[in-house]
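Here is a short report on the fold and some of its contacts. Keep the model open while you read.

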Amino acid sequence: MVGLDDPVAASLARRSKARRTVGFRIGVPADGELGVVDGKLLDRAFTKAAILAEVGDISPPGPAGVADALAASALTRAIDVAPQFIREGLIEHKVGPHRSAFVREVGGVDFIDDSKATNPHAARTAILAHPQVVWVAGGQLKGAQIEDLVEEVADRLVAVVLIGADAPVFAVALARHAPEVPVIELIAGDDAGMGDASRDKADAVMARAVQAAAGFATRGDTVLLAPAAASLDMFADYTHRGRSFAAAVHALEDGDVGRQL
């Protein structure tokens with residue numbers, strides 16, 4: 001099985017010596033491939049054309065989730081699992097905690113916890129799954145570069161709320177590549193030395209971040225925790241960070257949404 005949207009993987013498919021190599025793509029599949037047509041996952045490799053699921057059935061949403069679903073579908077079709085059972089499996093599958101997990105809808109705004117997005121590559125996947133994002137980001141970059149990510153996702157950003165040790169690095173990249181996007185940094189005097197601070201102090205900073213993010217959001221937006229950085233400057237680990245975000249979201253009221261506007 002080969003993901004054809006990746007040029008390196010696609011080149012491997014052309015050189016494959018396997019008796020049969022099946023590719024999948026997030027687009028219209030050719031004969032012998034799996035792909036997406038009119039919002040439906042379609043198998044054209046193991047049958048003429050079998051619908052496996054709706055794109056809206058896939059969790060997590062977005063290109064990466066759909067690609068994973070196609071890969072899983074290709075493997076199961078290869079061992080002759082019927083399309084209806086694949087559909088059932090895809091519908092029933094839900095992501096684990098802190099992996100683009102839906103927390104709650106407040107005032108028409110979805111709040112998503114992807115605290116596991118501890119590097120820019122993972123955050124990219126999370127952001128590209130949503131058209132309009134209020135991004136909660138920041139932490140320890142550990143030398144990772146954020147410029148390319150910010151440039152790529154700038155047109156999806158409604159606002160950005162930054163926390164953590166490397167928030168200033170994010171702020172510089174945002175000023176360069178997304179100068180029209182409102183940015184709030186919640187660091188000065190609040191989370192300096194957070195690695196030695198109490199759990200309560202970290203949770204308080206996250207609560208402020210969620211309140212600020214909700215204030216920038218309007219109906220149809222997504223408030224997304226996808227930090228693109230490690231958590232240990234403030235939190236015990238990424239699970240603590242995700243739980244802190246979820247707790248702050250559950251404390252929101254409808255009136256908190258859009259308050260900054």
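In which sense do strand 8 and strand 9 pair, and over how many bridges? They pair in the parallel sense, over five bridges.

## Ground rules

This is a predicted model; local features need pLDDT of at least 70, side-chain atom pairs count only at pLDDT 80 or more, and totals for chains, interfaces and linings use all residues. Residues are numbered from 1 along each chain as its sequence is written, and side-chain values use heavy atoms, with hydrogens and water left out.

Helices (H or I, at least four residues) and strands (E, at least two) are DSSP runs, numbered from the N terminus. Two strands pair if DSSP finds at least two bridges between them.

## The six-stranded sheet

One open sheet has six strands in the order 6-7-11-8-9-10. Its pairing is mixed. Strand 6 (101-106) and strand 10 (183-185) are the edge strands, and each pairs on one side only. On average, neighbouring strands are turned by 15 degrees against each other, direction ignored. Axes here are lines fitted to C-alpha atoms, for helices over the stretch in contact, and angles run from 0 to 180 degrees between N-to-C directions.

Start at strand 6. Strand 6 runs antiparallel to strand 7 (residues 109-113), and five bridges join the two. Ala101 stands opposite Asp113. Val106 stands opposite Val109. The two strands form a hairpin with two residues between them. In the turn, Gly107 has a positive phi of about 55 degrees.

## Strand 8 and its partners

Strand 8 (133-137) is mostly covered: five of its five residues are buried. Buried means under 20% relative accessible area, exposed means over 50%, and partly exposed lies in between (1.4 Å probe, protein chains only). Val133, Trp135 and Ala137 point one way from the strand. Val134 and Val136 point the other way.

Strand 8 has partners in strand 9 and strand 11. In strand 9, Leu157 is the bridge partner of Val133. Strand 11 (residues 222-225) runs parallel to strand 8, with four bridges between them. There, Val136 has Leu225 as its bridge partner. Strand 8, helix 5 (residues 147-153) and strand 9 make a right-handed β-α-β unit. Right-handed means that, with the strands pointing away from the viewer, the path from the first strand over the helix to the second runs clockwise.

## Helix 6 and the aromatic pair

Helix 6 (residues 167-177) lies across strand 8, strand 9 (157-162) and strand 10. The helix runs at about 155 degrees to strand 9.

What kind of aromatic pair do Trp135 and Phe170 form? The pair is edge-to-face, at 6.0 Å centre to centre and 70 degrees between the planes. Rings of Phe, Tyr and Trp (its six-membered ring) pair if their centres lie within 6.5 Å; planes under 30 degrees apart count as stacked, over 60 as edge-to-face and the rest as tilted. Trp135 lies in strand 8 and Phe170 in helix 6, so the pair ties together parts 35 residues apart in sequence. Trp135 and Phe170 are buried. The count by this rule is one aromatic pair.

## Two loop residues

Is Gln145 buried or exposed? Gln145 counts as exposed, because its relative accessibility is 63%. Gln145 is found in the loop between strand 8 and helix 5. Its C-alpha is 9.6 Å from that of Ala173, 28 residues apart in sequence.

Val181 lies in the loop between helix 6 and strand 10. Val181 is buried, at a relative accessible area of 13%. Leaving aside neighbours within four places in sequence, Val181 is in contact (heavy atoms within 4.5 Å) with Ala154, Leu157, Val158, Ala159 and Val160.

## The five-stranded sheet

A further open sheet has five strands in the order 1-2-3-4-5, again with mixed pairing. Strand 1 (2-3) and strand 5 (50-54) stand at the edges with a single partner strand each, so one side of each is left without a neighbour in the sheet. Strand 3 (residues 33-37) and strand 4 (residues 40-43) pair in the antiparallel sense over four bridges. Val37 stands opposite Lys40.

Helix 2 (residues 63-78) packs on this sheet. Helix 2 touches strand 2 (23-24), strand 3, strand 4 and strand 5. Its direction makes about 140 degrees with that of strand 3.
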